[in-house]
Amino acid sequence: MISPLLANVYLHYVFDLWAHQWRQRHARGDVVIVRYADDLTVGFQHREDAEQFLAELRQRFRQFNLELHPTKTRLMEFGRYAAENRRRRGEGKPESFDFLGFTHSCDKTRNGKFIVLRQTMRKRMHAKIREIKLELRRLMHHATPEVGQWLRSVLAGHFRYYAVPRIQRKLSSFKYQVYCLWFRSLRRRSQRHRVSGERMNRLAARWFPPDRVLHPYPEQRLRVMTLGRSPVR
């Protein structure tokens with residue numbers, strides 16, 4: 001397994017430069033490429049472009065003794081018109097895909113506008129909860145403020161990465177599971193003086209950061225206010 005730094009350097013020459021040239025020379029429609037280390041996803045306007053790109057990418061990788069992951073690499077219909085096209089062909093709803101810790105799926109707003117829905121990958125969330133559970137067991141007899149400060153940093157880090165639009169329910173669920181784990185840990189430690197729900201709520205209010213969206217949509221993040229001005233006389 002190579003580090004993200006080495007993967008970035010290596011794939012810059014093996015993939016990035018080649019893909020940029022391919023897009024300029026062969027693509028008949030729009031092509032969007034997103035890569036982080038050795039994880040990448042490519043969006044195509046036309047299916048024919050996607051099929052040709054995948055075939056030539058496999059050949060390109062073989063030249064450098066690399067191969068695409070056999071189960072994670074696939075062509076799928078995704079985007080604004082995917083649901084309508086699949087419905088017209090009598091097929092099911094568009095597939096979802098995992099990328100950089102998120103499960104991406106096609107969705108709509110209440111007004112019927114298409115959006116890409118991003119949700120925390122279930123297995124990532126479960127793995128993080130298990131990690132927190134084990135660490136709380138190790139910290140069971142440490143001072144409560146010490147544990148609270150650690151949990152605050154864990155939750156804050158989780159929110160800084162995953163707090164995107166329409167994920168509020170997932171954030172709240174993650175926060176509540178951490179709350180329950182800490183509550184059980186404190187009650188096991190205090191056999192004589194059971195921790196009450198009221199005290200636990202105070203601890204959560206003291207140490208847990210708010211679960212709010214930190215990465216709004218670009219039109220909200222880059223919104224500016226225009227001020228009216230009287231004409232110069």
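Colleague: Which helix has the highest mean pLDDT among the elements of the protein chain?

Modeller: Happy to start there, and keep in mind that this is a predicted model. The lowest mean pLDDT among the elements, 62, belongs to helix α8 (residues 218-221). At the other end, with a mean of 97, stands helix α5 (residues 144-162).

Colleague: Which residues have pLDDT under 50?

Modeller: The protein chain averages a pLDDT of 90, and 91% of the residues score at least 70. Where pLDDT is low, the predicted coordinates should not be read in detail. One stretch has zero contacts beyond four places in sequence in the model, and its pLDDT stays under 50: residues 225-233.

Colleague: Thanks! Is Arg-86 buried or exposed?

Modeller: Arg-86 sits in helix α3 (residues 82-88). Beyond four places away in sequence, Arg-86 touches Glu-77, Glu-91, Gly-92, Lys-93 and Pro-94. Its relative accessibility is 14%, and the cut-off for buried is under 20%, so Arg-86 counts as buried.

Colleague: Now the sheet: what is the order of its three strands?

Modeller: The sheet is open and its pairing is antiparallel. Its edge strands, each pairing on one side only, are β3 (97-99) and β5 (114-120). On average, neighbouring strands are turned by 40° against each other, direction ignored. The order is β3-β4-β5.

Colleague: And which residue in β5 does Lys-108 stand opposite?

Modeller: Let's look at the strand pair. Strand β4 covers residues 102-108 and pairs with β5 in the antiparallel sense over seven bridges. In β5, the residue opposite Lys-108 is Phe-114.

Note on methods: Residues numbered from 1 in each chain as written. Predicted model: local features only at pLDDT ≥ 70, side-chain atom pairs only at ≥ 80, totals over all residues. Heavy atoms only, no water. Pairing = 2+ DSSP bridges. Helix = DSSP H or I, 4+ residues; strand = E, 2+ residues; numbered from the N terminus. Axes fitted to C-alpha atoms, helices over the stretch in contact; angles between N-to-C directions. pLDDT = per-residue confidence, 0-100. Contact = heavy atoms within 4.5 Å. Buried < 20%, exposed > 50% of the residue type's maximum accessible area, 1.4 Å probe, protein only.
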